[in-house]
Amino acid sequence: MMAFVLTIGAQAQMLTRDNEKLDTLCQTKFTAVYQYSINTADADGKPVTDSIRLALQVGDGVWKTWTYERYLFQQQRDEEIGEDHYWFMHNEALMHIATTTVGYPEGKTVALELIPPLQYEVTEDTEAPAWTMVEGCDSVCGYLCQKANGKFRGKTWNVLYAEDIPTAAGPWKLQGLPGLITYAADDEGIHTFRLIGIYQETAPITYSAGSVVSKFSMQERRLITTVTPYEKATREQMLKQKKNVFGNRLYLTNPMFYMTGPKTILHTYGKSADYQFVGGLYIPEKAHVYMPLEKE
C-alpha cells in the first residue's frame, strides 16, 4: 500500500478537501488494519455476521481507531474505496462504529459516537483491562503472539498480542499489553477484531471539534460544507441513550422511530429507499440487533 506522507508538526492543522480544519495530534509510526465482525441477527431474527475494516493509527502515546474507508478518504486514496462507497456506510451504521482516540488529551480517551441526527463527543479517563497472561502462543499475520485475557466494561476478552510490535495499542479501547493486540474476541463469541495488515507510513493522526455536513445549494449550484460542534455526553449517558434507542424493539424495523420534530430532515438517495440521510448521517431502512461493546 502506498504511503501518504504529510509533514505537519503536532497540534498543527490540516485542511481536507471539504475545507474542514483538522487538528493534527501527532504522526503515525504505523497503521494496523483489522477486520471487525459482530455476530447478531437481522430484523426477522435470522443470524447474520456484520463485518467492516478498521484502521488503527499508532503514534507516540496516541492512537486512533476508525473505519478504514474514512481513513482512506482522508488520505485521498479514493481509488482504494471504489465508486460504491455507501456499502461501508451501511455497515458502519448497522454496527454503530465509533471513532476512538486514546491518549489525547493525555490520560483521556475520546469517542465520537453517532445517534442520528446528532454526533456526540464522549471524554473519559483511559482505562486498560485487567489482563492475565495465558500459556500458549499463536500466529497472526506472520507475527508470533502471546495470549492474555481480561475483563473490561462488563465483558471478558481473549486476546493475542505481538511483543515484536512494541506498543501498548490495540483496536477500539483494548490496550495496555507489552505489544500490539493482534486479535481480540469476547467470550460470548459476539465481537471479534483480527489484524489483517500493518503498513509502515507517516500520516497525521487528526481530530476535529465538530461534525461535517455537506448539502447541495440549488441557489449556488454547489455543495456547501458546514461544521457543527459535537454534543457533549458522559460515557454513562451514552451507554444509556444507545440502549434506549438501538436496544428498543422498534429500532429493528424502523430505525427512525424516535426521531420527531424540526431537527429531522430526511433525504432519500438512490434507486430504492433502503437508506436515508438525517443530518448528514446514514440511516439504514432496517437495522440489526444491537450488540454493545460495553455493558457497563
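Here's a quick briefing on the sheet, the nonpolar cores, the aromatic pairs and the cysteines of this structure. Keep in mind that the model is predicted. The sheet is open, with 12 strands and mixed pairing, and the largest nonpolar core holds 35 residues. A search of the whole structure turns up 10 aromatic pairs, while the disulfide count is 0.

**The sheet**

- Reading across the sheet, the strand order is β9-β10-β11-β12-β13-β3-β4-β5-β6-β7-β8-β17.
- The edge strands are β9 and β17 (231–233); each has a single partner strand, so one side of each has no neighbour in the sheet.
- On average, neighbouring strands are turned by 25° against each other, ignoring direction.
- Helix α3 (residues 235–246) packs on this sheet, where α3 touches β7 (108–115), β8 (118–125) and β17. The direction of α3 makes about 25° with that of β7.
- β10 and β11 run antiparallel and are joined by 7 bridges. Across from A148 you'll find V159 in β11.

**Nonpolar cores**

- In the 35-residue core, the members touching the most other members are Y36, L56, W157, V159, L174, L180 and F193. So V159, the residue opposite A148, turns up here too.- Seven stretches each supply at least two residues of this core: β3 (30–41), β4 (47–58), β9 (130–140), β10 (143–152), β11 (155–162), β12 (180–186) and β13 (191–199).
- Leaving out neighbours within four places in sequence, L180 is in contact with F30, A32, Y34, L56, L160, Y161, A162, I165, T167, A169 and I198.
- Another core, of 10 residues, lies apart from the largest one; A233, V245, F246 and Y290 are among its members.

**Aromatics**

- Y36, F152, W157, W172 and F193 make up one aromatic cluster. Of these, Y36, W157 and F193 are also on the list of core residues with the most contacts to other members.
- F257 and Y258 form an edge-to-face pair, at 5.4 Å centre to centre with 75° between the planes.
- Both rings of that pair belong to partly exposed residues: F257 has a relative accessible area of 23%, and Y258 comes in at 24%.

**Cysteines**

- There are 0 disulfides to worry about.
- C145 is in no disulfide, and its nearest cysteine sulfur, that of C141, is 8.6 Å away. The cut-off for a disulfide is 2.5 Å between sulfurs, so this pair doesn't qualify.
- C145 is buried, at 0% relative accessibility.
- C26 is buried as well, with a relative accessible area of 13%.

Terms used:
Residues numbered from 1 in each chain as written. Predicted model: local features only at pLDDT ≥ 70, side-chain atom pairs only at ≥ 80, totals over all residues. Heavy atoms only, no water. Core = buried A, V, L, I, M, F, W, Y, C linked by side-chain atoms within 4.5 Å. Buried < 20%, exposed > 50% of the residue type's maximum accessible area, 1.4 Å probe, protein only. Helix = DSSP H or I, 4+ residues; strand = E, 2+ residues; numbered from the N terminus. Contact = heavy atoms within 4.5 Å. Pairing = 2+ DSSP bridges. Axes fitted to C-alpha atoms, helices over the stretch in contact; angles between N-to-C directions. Phe/Tyr/Trp six-rings, centres within 6.5 Å; stacked < 30°, edge-to-face > 60°.
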